[in-house]
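Colleague: Please take a close look at the early part of the chain in this model. Give me the contacts, the burial and the charge pairs, and close with one element further along.

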Amino acid sequence: MSDWDSVRQLRIHGLTADDRESAREALTAGVDMEMHGDAYTVHLPPLVRGDGLDEELIDAAVRRILRVKFQLGLFERPYTDPAALPPIASEASLATARQAALQSVVLLSNEHRVLPMSPEALRSLAVIGPLADAGDEQLGTWVFDGDPGLSVTPLQAIRDLAAGRFDVRHLRTMETSRSRDTRAFDEAATLAAQCDATVIFLGEEAILSARPTAAPTSTFRGRRPNS
């Protein structure tokens with residue numbers, strides 16, 4: 001299955017001349033199902049009727065799609081029972097999410113053995129950056145029914161860790177990491193100089209990872225995998 005409308009985007013990326021050619025190339029390459037776009041529905045019929053596209057390619061794609069549906073029992077049980085699903089935001093689920101987040105951290109360098117920082121050795125810590133306290137951004141893209149209230153932001157976690165043992169001073173500095181506004185940079189530099197250590201949180205907001213402009217008519221539990 002293609003990504004969201006990505007068959008038509010073959011033209012945008014310069015791989016094909018138009019949507020008609022995109023439909024042919026995608027089907028020939030083994031893309032059985034087009035997500036959301038209409039390149040297949042508009043162009044495959046005329047390609048078969050008058051432009052030499054082998055109808056067996058479509059038959060083979062249909063067989064593969066139906067085979068998976070039969071194997072999953074979707075014709076006998078087309079709907080799931082919500083009551084059989086695990087509860088949203090259970091303690092076990094949140095613990096798994098936390099463990100996954102910890103295991104996904106990649107330390108690129110640790111010059112002068114700065115890490116790990118010891119709470120007992122700190123009197124003050126500067127927390128700087130637009131993603132230090134953005135629970136909605138932590139959810140990523142394609143989470144129409146995500147609850148930012150369930151996110152534990154870095155700032156929240158650091159304050160919990162501090163527990164009064166050291167002073168946590170936060171400055172957002174920029175509205176987003178895409179901002180070109182540098183007016184608060186001097187203030188951030190001053191704050192960093194005043195504290196024993198500084199942690200800066202930057203990165204991509206969720207909108208930079210193919211967030212659609214409108215939600216679909218139905219929502220779904222869980223998250224779509226990011227490209």
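Modeller: I start with two residues in the early part, follow the charged pairs, and end at a strand.

This is a predicted model, in which local features need pLDDT of at least 70, side-chain atom pairs count only at pLDDT 80 or more, and totals for chains, interfaces and linings use all residues. Residues are numbered from 1 along each chain as its sequence is written, and side-chain values use heavy atoms, leaving out hydrogens and water.

Start with serine 2. Serine 2 sits in the segment before helix H1, which spans 9-12. Helices (H or I, at least four residues) and strands (E, at least two) are DSSP runs numbered from the N terminus. Serine 2 counts as buried because its relative accessibility is 8%. The classes are buried under 20% relative accessible area, exposed over 50%, partly exposed in between (1.4 Å probe, protein chains only). Set aside the neighbours within four places in sequence. Serine 2 then touches Val7, Val31, Met33, Glu34 and Met35; contact means heavy atoms within 4.5 Å. With Met35 there is also a polar pair. A polar atom of the serine 2 side chain lies 2.9 Å from the backbone nitrogen of methionine 35. A polar contact is an N or O pair within 3.5 Å; within protein, one atom must be able to donate a hydrogen and the other to accept it, and sequence-adjacent residues count only if both atoms are side-chain atoms.

Now glutamate 34, one of the residues that serine 2 touches. Glutamate 34 lies in the loop between helix H2 (19-29) and helix H3 (39-50). Its relative accessibility is 12%, so glutamate 34 counts as buried. Beyond four places in sequence, glutamate 34 is in contact with Ser2, Val7, Arg8, Ala39 and Tyr40. With tyrosine 40 there is a polar pair as well: the glutamate 34 side chain comes to 2.8 Å from that residue's backbone nitrogen. Alanine 23 is 11 residues from glutamate 34 in sequence, with the two C-alpha atoms 9.2 Å apart.

Arg8 leads on to the charged pairs. Arg8 belongs to a salt-bridge network with Asp5 and Asp38. A salt bridge here is a Lys or Arg side-chain nitrogen within 4 Å of an Asp or Glu carboxyl oxygen. Side chains of opposite charge can pair when their charged atoms come close. There are 12 salt bridges in the structure.

Arginine 11 and aspartate 19 form one of them, at 3.7 Å from N to O. Arginine 11 is classed as partly exposed because its relative accessibility is 40%. Aspartate 19 is partly exposed too, given a relative accessible area of 22%.

Arginine 24 bridges to aspartate 51, with 3.1 Å between the closest N and O atoms. This pair links distant parts of the chain, 27 residues apart: arginine 24 is in helix H2, and aspartate 51 is in the loop between H3 and H4. Arginine 24 has a relative accessible area of 23%, so it counts as partly exposed. Aspartate 51, at 36%, is therefore partly exposed.

Arginine 63 pairs with glutamate 56. Their closest N and O atoms are 2.4 Å apart. Arginine 63 is partly exposed because its relative accessible area is 42%. Glutamate 56 stands at 36%, so it is also partly exposed.

Next, valine 62. This residue is in helix H4, residues 55-72. Valine 62 is partly exposed because its relative accessibility is 41%. Its C-alpha lies 7.1 Å from that of aspartate 32, across 30 residues of chain.

Finally, strand E1, residues 124-128. Here 5 of 5 residues are buried. Ser124, Ala126 and Ile128 cover one side; Leu125 and Val127 are on the other, and all are buried. E1 runs parallel to strand E2 (residues 167-171), joined by 5 bridges. Strands pair if DSSP finds at least two bridges between them. In E2, valine 168 stands opposite leucine 125. E1 also pairs in the parallel sense with strand E3 (residues 197-200), over 4 bridges. There, valine 199 is the bridge partner of valine 127.
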